[in-house]
Amino acid sequence: MTLESGQGPIDGTHYLEATPENVTWGRLPSRTTPCALTVASGDTVTFDTVSHEGILEDQGGDPVAFFGRYGVAAADVLSDARLLAKSPHLRDPDHDGPHVVTAPVHVTGAEPGDLLRVDILSLHRRAAYGLVSSRHGRGALPERFALDGPEFTFCAVDGELGVIRYAEDRAARFPLHPFMGIMGVATDTDETAHSVPPGRHGGNIDVKHLATGATLYLPVQTEGAGFHTGDPHYAQGNGEVALTALEAPLRATFRLTVLKGARARAAAGTLAEPFGETEHHWIPIGLHEDLNLAMKAAVRSALTFLTDRFGMEPHAAYAYLSAAADFEVSQVVDQVQGVHCLIRKADFVSGSAL
């Protein structure tokens with residue numbers, strides 16, 4: 001199974017292929033980055049996304065040869081991945097991140113102070129394999145892994161399961177749960193941001209709950225918002241401890257809607273950071289270089305949401321969070337670390353309507 005550009009389901013009204021002209025590599029869009037598309041608020045956009053794994057210089061820059069070592073046929077390596085691998089001028093390996101990121105989309109009417117509502121409508125797998133990597137002396141145990149160079153673990157896809165084979169007759173099999181690691185808006189800067197650390201712009205937040213059917217709210221920093229995405233995953237555990245998740249390419253479709261004034265406050269209160277929502281949970285997010293301070297930031301964001309949205313007294317909201325909410329470590333590997341909070345909607349049935 002290989003989902004090449006232009007083939008198979010394209011669920012959005014607009015479609016952006018992953019050509020060298022339509023991506024940045026290792027950097028995130030800023031206010032000076034040209035937009036690839038202009039769409040109306042409420043429009044749907046389909047993006048082809050490419051994983052960086054298999055095309056990086058420490059893997060030889062040739063995805064056909066690299067994945068061929070694991071038994072992947074040349075015909076099963078995406079054409080756009082091959083083309084990007086032949087475009088090393090797009091990335092400075094000494095200063096840029098690894099991620100292939102789509103060029104920004106201008107959403108008409110979006111202005112600083114608004115919220116961009118990003119509804120994740122569909123995520124189609126584009127290949128039947130992926131990779132988990134550990135490198136750079138990073139991850140949760142840098143003193144133990146990737147000491148002598150990068151370490152790569154190939155993962156096959158068997159239906160809805162990922163498969164890591166660790167002996168001739170043994171394998172670990174785990175459910176796939178695709179999501180986009182990077183979803184963000186353009187930063188209000190002249191310089192483009194490094195693709196690894198997340199921030200107020202969103203970016204590499206790596207919250208695994210933001211899968212099909214979920215929504216991400218992003219504070220708009222520049223006219224038109226400049227929405228972009230990248231870092232596709234087939235699965236990730238909370239923490240992402242080895243440095244990467246199961247990295248593999250996706251075709252992602254989003255609805256992009258501008259929320260202003262009362263509509264923005266109804267969705268996320270006065271939060272000035274990225275905020276997630278699923279069918280069953282609200283998801284405030286905390287980010288900081290220090291994991292302890294990321295936890296504090298997540299608690300503060302959750303308090304702000306509950307006091308804004310439901311008028312809870314701060315002490316009551318604090319007590320509720322301690323008694324009933326779940327705080328999870330999103331990732332510990334992206335320089336800026338993440339903690340997200342899961343607040344059950346069912347606990348606030350009487351006041352859950354926007």
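In which sense do strand S1 (residues 14–16) and strand S5 pair, and over how many bridges? Strands S1 and S5 pair in the parallel sense over three bridges, where two strands count as paired if DSSP finds at least two bridges between them, and where strands (E, at least two residues) and helices (H or I, at least four) are DSSP runs numbered from the N terminus. The model is predicted, so that local features need pLDDT of at least 70 and side-chain atom pairs count only at pLDDT 80 or more, while totals for chains, interfaces and linings use all residues. Residues are numbered from 1 along each chain as its sequence is written, and side-chain values use heavy atoms, with hydrogens and water left out.

Within the pairing of S1 and S5, tyrosine 15 stands opposite threonine 46 of S5. Strand S5 is also joined to strand S19 by six bridges, and these two strands run antiparallel; here phenylalanine 47 has alanine 252 in S19 as its bridge partner. Five of the six residues of S5 (residues 43–48) are buried, so this strand is largely enclosed by the rest of the structure; buried means under 20% relative accessible area, exposed over 50%, and partly exposed in between, with a 1.4 Å probe and protein chains only.

In the loop between S5 and helix H1 (63–68) lies serine 51, which is buried, with a relative accessible area of 7%. Serine 51 touches Pro232, Glu247, Ala248 and Pro249, residues up to four places away in sequence not being counted, and contact here means heavy atoms within 4.5 Å.

The largest nonpolar core (a set of buried Ala, Val, Leu, Ile, Met, Phe, Trp, Tyr and Cys residues joined through side-chain atoms within 4.5 Å) has 48 residues, and those with the most contacts inside it are Leu116, Phe227, Phe254 and Leu256. Strand S19 (residues 250–259) contributes the largest share of this core, five residues. A second, separate core of 21 residues includes Tyr217, Trp282, Ala302 and Leu306.

Ala302 and Leu306 are among the buried residues of helix H4, and the buried residues of this helix pack against several elements, including helix H3 (261–268), helix H5 (314–324) and strand S23 (337–344). At 1.5 Å a residue, the 20 residues of H4 (residues 291–310) should span 28 Å, which agrees with the 28 Å between its end C-alpha atoms; the expected span is 1.5 Å times one less than the number of residues. Just after H4, glycine 311 adopts a positive phi of about 70 degrees.
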